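Reader: Please take one part of this model and go through it closely. Keep it brisk, and give the cut-offs for each term as you go.

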Amino acid sequence: MRTGANDIYLERQPERLVLEGYRRWSAGFETGSITPWEMAWELYDEALGHHNAGLAIASLSQYVRTLNRCATCPLRSFPYDSQKLCVEECLTMGLIAGLQNDTDTAALCLCQIACPQRCQEIEYAALNFAQTLKCMGQVMLPVPATVLEDILQKATRKNVH
């Protein structure tokens with residue numbers, strides 16, 4: 001995803017909730033600090049209200065926790081508020097958007113971000129997160145498969161996991 005177009009895309013609330021939520025929740029797992037989790041809570045609470053924030057954070061937590069079970073394949077992310085996206089973040093964004101919009105990109109992203117043994121479990125957690133946000137009116141724009149294929153082709157390694 002290019003800078004410029006990226007800036008507008010990442011300013012949209014649904015995309016920001018997914019990306020910043022993923023980054024902050026992942027940072028909590030990485031550091032063992034609750035501060036990033038509190039930051040995620042504040043972001044969701046402000047955007048969705050107290051009740052909906054709790055539901056959305058629960059599904060976000062399930063998704064990130066499920067991804068992190070693949071310990072031999074650590075997931076990368078940029079710091080909060082960065083306007084850059086790493087491959088894993090692009091795949092997460094494509095997966096959630098694909099599940100919300102019923103596109104083929106979900107399957108493409110899933111097979112790249114998940115170890116084969118975890119595909120079904122990760123798909124369930126991602127679908128729960130995607131549908132939770134969708135029910136709250138937070139629907140991401142579809143990410144074209146060609147964009148994701150280009151990102152994957154340019155990545156230094158063929159499979160993320």
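Author: What follows is a close look at helix α7, then at a glutamine, an aromatic cluster and the cysteines.

The model is predicted, so local features need pLDDT of at least 70 and side-chain atom pairs count only at pLDDT 80 or more, while totals for chains, interfaces and linings use all residues. Residues are numbered from 1 along each chain as its sequence is written, and side-chain values use heavy atoms, with hydrogens and water left out.

Start with the helix itself. Helix α7 covers residues 119-135, 17 residues in total. Helices here are DSSP runs (H or I, at least four residues), numbered from the N terminus. From first C-alpha to last, α7 reaches 24 Å. That is close to the 24 Å expected at 1.5 Å a residue; the expected span is 1.5 Å times one less than the number of residues.

Next, which residues of α7 are buried? They are Ile122, Ala125, Ala126, Phe129, Ala130, Thr132 and Leu133. Buried means under 20% relative accessible area, exposed over 50%, and partly exposed in between (1.4 Å probe, protein chains only). These buried residues cover an arc of only 160° around the axis, so they sit on the same side of α7. The arc is taken from the directions from the helix axis to the C-beta atoms. On the other side of α7, Gln120, Tyr124 and Cys135 are exposed.

The buried residues of α7 pack against α2, α3, α4 (50-68), α5 and α6 (105-113). After α7 comes Gly137, with a positive phi near 80°.

Now α5 (residues 87-101), which holds Gln100. Gln100 counts as buried, at 2% relative accessibility. A polar atom of its side chain lies 3.0 Å from the backbone oxygen of Ala130. The side chain of Gln100 also reaches the backbone nitrogen of Met140, at 2.7 Å. Neighbours within four places in sequence aside, Gln100 is in contact (heavy atoms within 4.5 Å) with several residues, including Leu133, Lys134, Gln138 and Val139.

Then the aromatics. The structure holds three aromatic pairs. Rings of Phe, Tyr and Trp (its six-membered ring) pair if their centres lie within 6.5 Å; planes under 30 degrees apart count as stacked, over 60 as edge-to-face, and the rest as tilted. Trp25 and Trp37 are stacked, 5.1 Å centre to centre with 25° between the planes. Trp25 lies in α2 (residues 13-31) and Trp37 in α3 (residues 35-48), so this pair ties together parts 12 residues apart in sequence. Phe29 and Trp37 have ring centres 5.5 Å apart and planes at 75°, so their pair is edge-to-face. Trp25, Phe29 and Trp37 form one aromatic cluster. Within this cluster, Trp25 is buried at 9% relative accessibility. Trp37 is partly exposed at 27%, and Phe29 is partly exposed at 34%.

Last, the cysteines. A disulfide is a pair of cysteine sulfur atoms within 2.5 Å. By this rule the count is zero. The sulfur of Cys111 is 7.1 Å from the closest cysteine sulfur, that of Cys119, which is too far for a bond. Cys111 is partly exposed, with a relative accessible area of 42%. Cys135 is exposed, at 69% relative accessibility.

Technical notes:
Helices (H or I, at least four residues) and strands (E, at least two) are DSSP runs, numbered from the N terminus. A polar contact is a pair of N or O atoms within 3.5 Å; within protein, one must be able to donate a hydrogen and the other to accept it, and residues adjacent in sequence count only if both atoms are side-chain atoms.
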